[in-house]
Amino acid sequence: MRFVSIIWDDEANPNGNVQHIAEHELSIQDVEHVLFHPTSAGVSRNREGRLIAWGYAPDGRYIAVVYEEVIEGVIRVRTAYDVPEP
């Protein structure tokens, strides 16, 4: 997936994507690292069928990042969380 920008909600928004990834002990930098350097990518199996990228955060954790393309070249992260390595 090629993109030019990532939409991040205000950090103070309790329902925003920054707070949501923080609940999984991840930072914007962790998530962006995986989005720019994924080890694999695909589509989630849930009914929404969102895009998903897997890869290693800078600290070595293997994480999944679920996102959607808002408009061409612009994505919005929905969630991110640790997953077992394949």
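## A residue-by-residue look at a predicted chain

Of this chain's 86 residues, 37% count as buried. Please keep in mind as you read that the model is predicted.

**The overall picture**

The chain holds 2 helices and 5 strands. Read from the N terminus, these elements follow the order β-α-α-β-β-β-β. The radius of gyration is 12 Å, close to the 12 Å given by the globule rule for 86 residues, so the chain is as compact as a globular protein of that length. Along the principal axes, its C-alpha atoms fill a box of roughly 35 × 25 × 25 Å.

How do the contacts spread along the sequence? Taking contacts between residues at least 6 apart in sequence, 39% join residues at least 24 apart. As for the outside, the accessible surface is about 5400 Å², and carbon and sulfur atoms account for 49% of that. The chain carries 7 positive and 14 negative charges, and the mean positions of these two sets are 8 Å apart.

**Pairs that are far apart in sequence**

Four residues are worth a visit, and each can be paired with a partner from elsewhere in the chain. The table gives the separations, with distances taken from C-alpha to C-alpha.

| Pair | Apart in sequence | C-alpha to C-alpha distance |
|---|---|---|
| Ile7 and Arg76 | 69 residues | 4.8 Å |
| Val74 and Phe3 | 71 residues | 5.7 Å |
| Leu26 and Ile63 | 37 residues | 9.2 Å |
| Gly42 and Val66 | 24 residues | 9.7 Å |

**Strands β1 and β5**

Let us begin with Ile7, which lies in strand β1, residues 5-7. Ile7 is partly exposed, with a relative accessible area of 32%. Which residues does Ile7 touch, not counting those up to four places away in sequence? They are Asn17, Val70, Val74, Ile75, Arg76 and Val77. Arg76 is also the partner of Ile7 in the table, with 4.8 Å between their C-alpha atoms.

Val74 belongs to strand β5, which covers residues 74-82. With a relative accessible area of 15%, Val74 is buried, because the cut-off for that label is under 20%. Once neighbours within four places in sequence are set aside, Val74 is in contact with Ser5, Ile7, Glu68 and Glu69. The contact with Ile7 thus shows up from both ends, as Val74 is listed among the residues that Ile7 touches. Phe3 has its C-alpha atom 5.7 Å from that of Val74, although 71 residues separate the two along the chain.

**The loop between the helices**

Next comes the loop between α1 (17-23) and α2 (28-36), where Glu25 has its place. Leu26 lies in that loop between α1 and α2 too. Are these two residues buried or exposed? Glu25 is exposed, at a relative accessible area of 65%, whereas Leu26 is buried, at 5%.

Glu25 has a backbone feature to look at as well: its phi is near 60°, a positive value in a residue other than glycine. Most residues other than glycine have a negative phi.

What does Leu26 touch, leaving out residues up to four places away in sequence? Its contacts are Ile21, Arg61, Ile63, Ala80 and Tyr81. One of them, Ile63, is 37 residues from Leu26 in sequence and 9.2 Å away, C-alpha to C-alpha.

**Strand β2**

Gly42 is found in strand β2, residues 40-43. Its relative accessibility is 26%, and Gly42 counts as partly exposed. Beyond its neighbours within four places in sequence, Gly42 is in contact with Arg50, Leu51, Ile52 and Trp54. Val66 lies 24 residues away from Gly42 in sequence and 9.7 Å away in space, C-alpha to C-alpha.

**An aromatic pair**

How many aromatic pairs does the count give? The count comes to 1 aromatic pair. That pair is formed by Tyr56 and Tyr62, with 4.9 Å from centre to centre. The planes are 55° apart and the pair is tilted, because edge-to-face needs an angle over 60 degrees. The two residues carry separate accessibility labels: Tyr56 is partly exposed, with a relative accessible area of 33%, and Tyr62 counts as buried, at 7% relative accessibility.

Definitions and conventions
Residues numbered from 1 in each chain as written. Predicted model: local features only at pLDDT ≥ 70, side-chain atom pairs only at ≥ 80, totals over all residues. Heavy atoms only, no water. Helix = DSSP H or I, 4+ residues; strand = E, 2+ residues; numbered from the N terminus. Rg over C-alpha atoms; globule rule 2.2 N^0.38 Å. Buried < 20%, exposed > 50% of the residue type's maximum accessible area, 1.4 Å probe, protein only. Contact = heavy atoms within 4.5 Å. Areas by Shrake-Rupley, 256 points an atom, 1.4 Å probe, with all protein chains shown as cover. Lys, Arg positive; Asp, Glu negative; His and termini not counted. Charge placed at Lys NZ, Arg CZ, Asp CG, Glu CD. Phe/Tyr/Trp six-rings, centres within 6.5 Å; stacked < 30°, edge-to-face > 60°.
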